[in-house]
Amino acid sequence: MPQIKVPVEWLREYVDIDVPVSELARLLHMSGTEVDKVERAGDPWDKVWVGRIAALERHPDADKLFLATVDYGLGRIKTVVTGATNLVVGAVVPYAETGATVRDGHGDGIAMMTLEPRKMRGILSEGMVLSAKELGLGADHEGILLLDAALPVGAALGDVLGESVLHIELQPNRPDCMGILGIAREVAAITGRAVHEPAVDALEFGSLGDALTIRIEDETACTRFAAALLTGVRTGPSPEWMQRRLQAAGMRAIDVIVDITNYVMLELGQPLHGYDADRLAGRTLAARQAAIGERLRTLDGVDRALPAGTLVIADGRRALGIAGILGGEDSEIRPDTTTVALECASFEGRGIGRTATTLGLGAQSTASRRFALTLSPELVPLALGRAVRLLREHAGASVAGAVDVHPQPRPVATVRLPVADIARVLGVGTTAEEATDALSRLGFGVGRAGDVLVATAPPLRTDIAIPEDLIEEIARITGYDRIPTRIPDGPLPVHEPHPLPELRERVRDLLVGFGLTETVSYSLIDPAWLAQLTADGSPIAPAPLCVQNPTSTAQSAPRPTLRASLLDTARHNLRHEPGIAIFEIAPAYLPRVADLPEERWTVAILLAGKAETASWLGPDRLYGLPDAAAIMDGLTRAVRLPRPTRVPGAAGLHPGRSETRSADDQTLAVWGQLDPSVAARWDLPAESFVIELDLATMLSCAGRGAASAPPRYPAALRDLAIVVEDGQAYDDVQQAILDAGKGLVISVALLDRYRGPQVAAGHTSYAVRLVFRSPDATLTDADVDRSVKRITGKLLHQLGATIR
Amino acid sequence: LKGVLYSFARQAFGGERQVRFRPDYFPFTEPSAEISIDCFICNGAGCRTCGGSGWLEMGGAGMVHPNVLRNAGYDPTRYQGFAFGCGIERVHMLRSGTPDIRLYEQNDLRYLETTS
């Protein structure tokens, strides 16, 4: 954001200010002109106030001393013993309280002293009333500095006296504020005062014949180009007041001609450049694009190649400067210059900004910081007329004439604003009169057509185009504090359910409840990571889209899986943590043909290292498959997921200790132990566990709970030992039992798995406990036997299983 | 807009918070505003947290610019809306005392476990 320094003393030239500086800063700040800080020039004056002599008497024990009772506001009153003879009751004076640091008036006026209470001839004196010397304001130490009687008692002295500079940070839509006069207009609008326009020469623009020719060769990049020809110019130092103001605003004083161009730039926000007219080849100034390969040695001594798209100011033979940014070394005014071509132009801002950035000159060039915002072309004749006047007055110049090339003047911006719209947008009623007053203060011309205001923007404002722009101007002048503070209300809105975000939040809370910590990592990852998630380097997910111009390859592909990010997070943390249990909920981006990636919200969980560290309760315990299973189980139950289809194995996971679960042909989850070679590649323990769930699939098969009364009839238990061939999945056994025992079997629990001499070779025995219950009646043994028979029959037919 | 922002500021930082709503500029809102709260560390006196100003900037806001509404397919003569944005890390930093914004992207358990 562009910044300018506004010395208050200079600001006062254009607008009367009767409020303390801190109040001025607040008024500007609250109307949209951001005041970063108020810098005081000179001595700090901490704890120095505006005081009033409330009472005065002679010191009882000292002929030359007086006792002054000083009131310095807010009920604060102190007695001071002083030798000054110029005090009277009612005098307004600077009062420094105990602890303040001021200049020592008795010495050279440079050393500082800190005030402490002191008895003077037996009477306690607290603080001091000050002379100009003690304030660092001059040499006078004959008496106390008498202040303007109208100053507010109790105000901080720095607020009402001395030099202050406002540091203002401007918004890019207000290039008209890039000059002190622009700020003055704002102050005038806020305080309702008039602006004192600076004295400007009214130039007559015509032709200068051969004496000076102006040309715009790129009308898009340069919208206006004017120049004045001045003779009899004397170089030398500029007046002391100008040098002081330049310095207060942060620029160096150099020479009267350069100083005047800088002064006008600071004053009006419009840069200008002076050339030695006698040294212009062909007595021509042109705004043109740099030729291919053209070079220029700029003022700072650097020989630069001018990139394509650089606008230059050139004479008949060569480039003299980079337009709007930096002049060339050779084009400067010299001590022997007598005829000056003073150029003032308006440029399209973005081109200037781009060139400044490409050349790395943006920060140094005060001119480019202004031009980059696209100034109003109406500033050109104003700035030129002002500079010419100052050059006449202070550099002995005479005006030979002026030219102005303005091929496409912008039409004046006129905007229609229905008065009712103001209240609709701001929420507070504003009458046509209030709105007109606010706009007029800002320099708008305001007319009325019924209920519609017709406002014409002041010529220097480039940011006014639509009614909302006017509403903002009205609001900031009438005050944003007028806007009421209300919660939106109205008829009850239609309640729209958002099941996916709600499920997401439930899962998040569940996992935190299980003791895991949530992590948030970047959605853009290094595509090379994807090949590191499988044992053989085959891709675990489809090749992702990649960003064309990433800031780095480490963040160049929207991730099609969360796993790599989780492994990376685990890797970093396991360097200093004994164990890690983390999860992340984020979209995975699956590329699609000729379309943006599909975003699938995924829950990814990782457990690795020590679940518990050794203590008196027991030794270290590492995370194991049961921990992962417990989480799967907990989620399944909480979300009421149905029995999924389960297939052993999943990409990137340990082939014997992992599983893919799906429901209705949609993948619901993959989980299990990470493939140990993958774990090794990421510096993780061989026993690391991963769970990944697809939220959309979870949502589509999540069950609805239905509360039910406790069962009325007792359960019956049967234990069976079922023998199957080795390799037969237990899951099929369980499913067969549930299918055959439907209606009566409410649970099947695996008690034991046995291989050994009591079972045929190549076979495994599963011991299961079945629980039978009927909702309608107490089951008899016969009922249960019948069910067991159906079950054993099914096991035999379907799986060739026998009962032991 | 103002009510929503003030309500959030007070819920997040205390009911006695002073809230400041001042004009600002964004290309996509008009009128625009900036919302700040008085520094809850020094109560407006000025300290390191608020850089001496006594105020902490929360974020920007404003009425959605009619061009934005139009580009999104809404008729600006029939609809208007407000928008606001603030750095959520910053709000959390202020409330929690997190010392460095980079902690939010590092996923260091030693930091994560101090937040809740």
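This passage describes selected helix, strand and backbone features of chains A and B in a predicted model.

In chain A, helix α10 (residues 419-426) and helix α12 (residues 467-478) approach each other with their axes within 10 Å, and these axes cross at roughly 70 degrees. Because angles of 65 to 115 degrees count as roughly perpendicular, α10(A) and α12(A) are assigned to that class. The crossing in which α10(A) passes α12(A) is right-handed. On the side of α10(A), the contact is formed by A:Asp421, A:Ile422, A:Val425 and A:Leu426, while α12(A) contributes A:Ile471, A:Ile474 and A:Ala475. Sorted by class, the residues of this contact comprise 6 nonpolar and 1 charged, with no polar residues.

Strand β24 of chain A, which spans residues 414-418, shows an alternation of its side chains: A:Val415 and A:Leu417 are directed to one face and are buried, whereas A:Thr414, A:Arg416 and A:Pro418 are directed to the other face and are not buried. The pairing of β24(A) with strand β26 (residues 452-456) of chain A is antiparallel and extends over 5 bridges. Within this pairing, A:Pro418 lies opposite A:Val452 of β26(A).

In chain B, 4 strands make up an open sheet with antiparallel pairing, arranged in the order β1-β2-β3-β4. Its edges are occupied by β1 (19-26) and β4 (82-86) of chain B, each of which pairs on one side only. On average, and with direction ignored, neighbouring strands of the sheet are turned by 30 degrees against each other. Strand β3 (residues 55-64) of chain B is joined to β4(B) in the antiparallel sense over 5 bridges, and B:Met63 stands opposite B:Phe82 in β4(B). Helix α1 (residues 2-13) of chain B packs on this sheet, where it touches β1, β2 (29-38), β3 and β4 of chain B, and its direction makes about 125 degrees with that of β1(B).

Several backbone features of chain B were also examined. The peptide bond joining B:Glu30 and B:Pro31 is cis, with an omega of about -5 degrees, and B:Pro31 is placed in strand β2 of chain B. B:Asn43, although not a glycine, has a positive phi of about 55 degrees; this residue is found in the loop between β2 and β3 of chain B, and its relative accessible area of 57% means that B:Asn43 is exposed. A positive phi of about 55 degrees is likewise found at B:Asn107, which is not a glycine, in the loop between α4 (103-106) and α5 (109-112) of chain B. With a relative accessibility of 4%, B:Asn107 counts as buried, because the buried class covers values under 20%.

Notes: Residues are numbered from 1 along each chain as its sequence is written. Chains are lettered from A and ligands numbered from 1 in the order in which they are written. This is a predicted model: local features need pLDDT of at least 70, side-chain atom pairs count only at pLDDT 80 or more; totals for chains, interfaces and linings use all residues. Side-chain values use heavy atoms; hydrogens and water are left out. Axes are lines fitted to C-alpha atoms, for helices over the stretch in contact, and angles run from 0 to 180 degrees between N-to-C directions. Helices (H or I, at least four residues) and strands (E, at least two) are DSSP runs, numbered from the N terminus. Angles under 35 degrees count as roughly parallel, over 145 as roughly antiparallel, 65 to 115 as roughly perpendicular and the rest as oblique. A crossing is left-handed if the near helix is turned anticlockwise from the far one by less than a right angle, and right-handed if clockwise. Contact means heavy atoms within 4.5 Å. Ala, Val, Leu, Ile, Met, Phe, Trp, Tyr, Cys and Pro count as nonpolar, Asp, Glu, Lys and Arg as charged, and the others, Gly among them, as polar. Buried means under 20% relative accessible area, exposed over 50%, partly exposed in between (1.4 Å probe, protein chains only). Two strands pair if DSSP finds at least two bridges between them.
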